[in-house]
Amino acid sequence: TDQSGPYTAIAAGLHHTCAMTPDGAADCWGHNGTGAATDQPGPYARPLAVTSWLPMTTPAGWHNEPVEITYTCTGGMGVVECPGTDLVTTDGADQQITATGAGTLGVTNTIHLDTAGPTADMATGPIAGGPLTGLTTDELSGVDGLDVVLVPAIGQAITVKATLDCTTTSAVTAIDAGGPTVGPAECSWTAEAPPGAWQVTLHPTDVAGNTTLVDVGAVLVLT
């Protein structure tokens, strides 16, 4: 062996030496009377990079804030350099984040990140003769629900859970059974409001757990 390297680990015997190459083989040199200095193609076990990330995913399998992936290395042979920290800040489903440190087996993590809240509007004008109606959308994790908050001039606010009518599916589809839950991309909504003068805000929520506040303003609901 020409011993040109690079090597990830080295071990010396009495009359021979072996060193591990990045692909897991062993280059050996020295006295070879018993074959001790014969190259060994391997591959031999290299340490595995094990990952952890913060924050954890939501129950639906999404992250809703940037994800910091850190690595530790365990098992195998030799001195290694673990991969550095990865910070995932771009929204998107099925993002493949691959890391390989010197002398380690690579590891790939799949990240589903949605940090943007859904949108919502109200089609009903400032004077409503019936239910309040509108549209809510979310193009990534999908729509999960919408609350309508009614605040009177005097008294306690009322929260009405809107009824959704969703005819479209999200632009994102789960890659496999382990993929995240995905909701509809667009829903019309209807909410029954008691008669009276109200300050109205909409609170749509997406599957990733993001909530948006939309201030509609004053609405007079007639009987």
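This is a short talk on the strands, one buried histidine and one surface patch of the structure above. Keep in mind that the model is predicted.

I'll start with the open sheet. The sheet has 5 strands in the order β10-β17-β16-β12-β13, and its pairing is mixed. At the edges stand β10, residues 127-128, and β13, residues 158-161; each has a single partner strand, so one side of each is left without a neighbour in the sheet.

Now the pairings, going inward from β10. β10 and β17, residues 214-221, run parallel and are joined by 2 bridges. Within that pairing, Ile-127 has Leu-220 of β17 as its bridge partner. Next, 7 bridges connect β16 and β17, and here the strands run antiparallel. Gly-196 is the residue standing opposite Val-221 in β17. Then β12, residues 143-151, and β16, residues 196-206, also run antiparallel, with 8 bridges between them. Gly-145 is bridged to Thr-205 in β16.

The β10 edge brings me to the surface. Which residues make the nonpolar surface patch there? Ile-127, Leu-220 and Leu-222 do, and the patch covers about 270 Å². Ile-127 and Leu-220 are the bridge partners I just mentioned. Leu-222 sits in the segment after β17. Its relative accessible area is 42%, so Leu-222 counts as partly exposed, the range for that term being 20% to 50%.

Next, strand β9, residues 119-122. Its side chains alternate: Ala-120 and Met-122 point to one face and are buried, whereas Thr-119 and Asp-121 point to the other face and are not. β9 is joined to β11, residues 132-137, by 4 bridges, and the two run antiparallel. Met-122, one of the buried pair, has Gly-134 as its bridge partner in β11.

Last, His-112, which belongs to strand β8, residues 107-113. Is His-112 buried or exposed? With a relative accessible area of 10%, it is buried, because the cut-off for buried is under 20%.

What surrounds His-112? Setting aside neighbours within four places in sequence, His-112 is in contact with Gly-61, Trp-62, His-63, Gly-92, Ala-93, Asp-94, Gly-179 and Pro-180. One of these, Asp-94, also has its backbone nitrogen 2.9 Å from a polar atom of the His-112 side chain.

To recap, I covered the open sheet of 5 strands, the patch made by Ile-127, Leu-220 and Leu-222, the alternating side chains of β9, and buried His-112.

Technical notes. Residues numbered from 1 in each chain as written. Predicted model: local features only at pLDDT ≥ 70, side-chain atom pairs only at ≥ 80, totals over all residues. Heavy atoms only, no water. Buried < 20%, exposed > 50% of the residue type's maximum accessible area, 1.4 Å probe, protein only. Pairing = 2+ DSSP bridges. Polar contact = N/O pair within 3.5 Å; in protein donor to acceptor, adjacent residues only side chain to side chain. Contact = heavy atoms within 4.5 Å. Patch = residues over 30% accessible without salt bridge, like charges linked within 9 Å, V, L, I, M, F, W, Y side chains within 5 Å. Areas by Shrake-Rupley, 256 points an atom, 1.4 Å probe, with all protein chains shown as cover. Salt bridge = Lys/Arg side-chain N within 4 Å of Asp/Glu carboxyl O.
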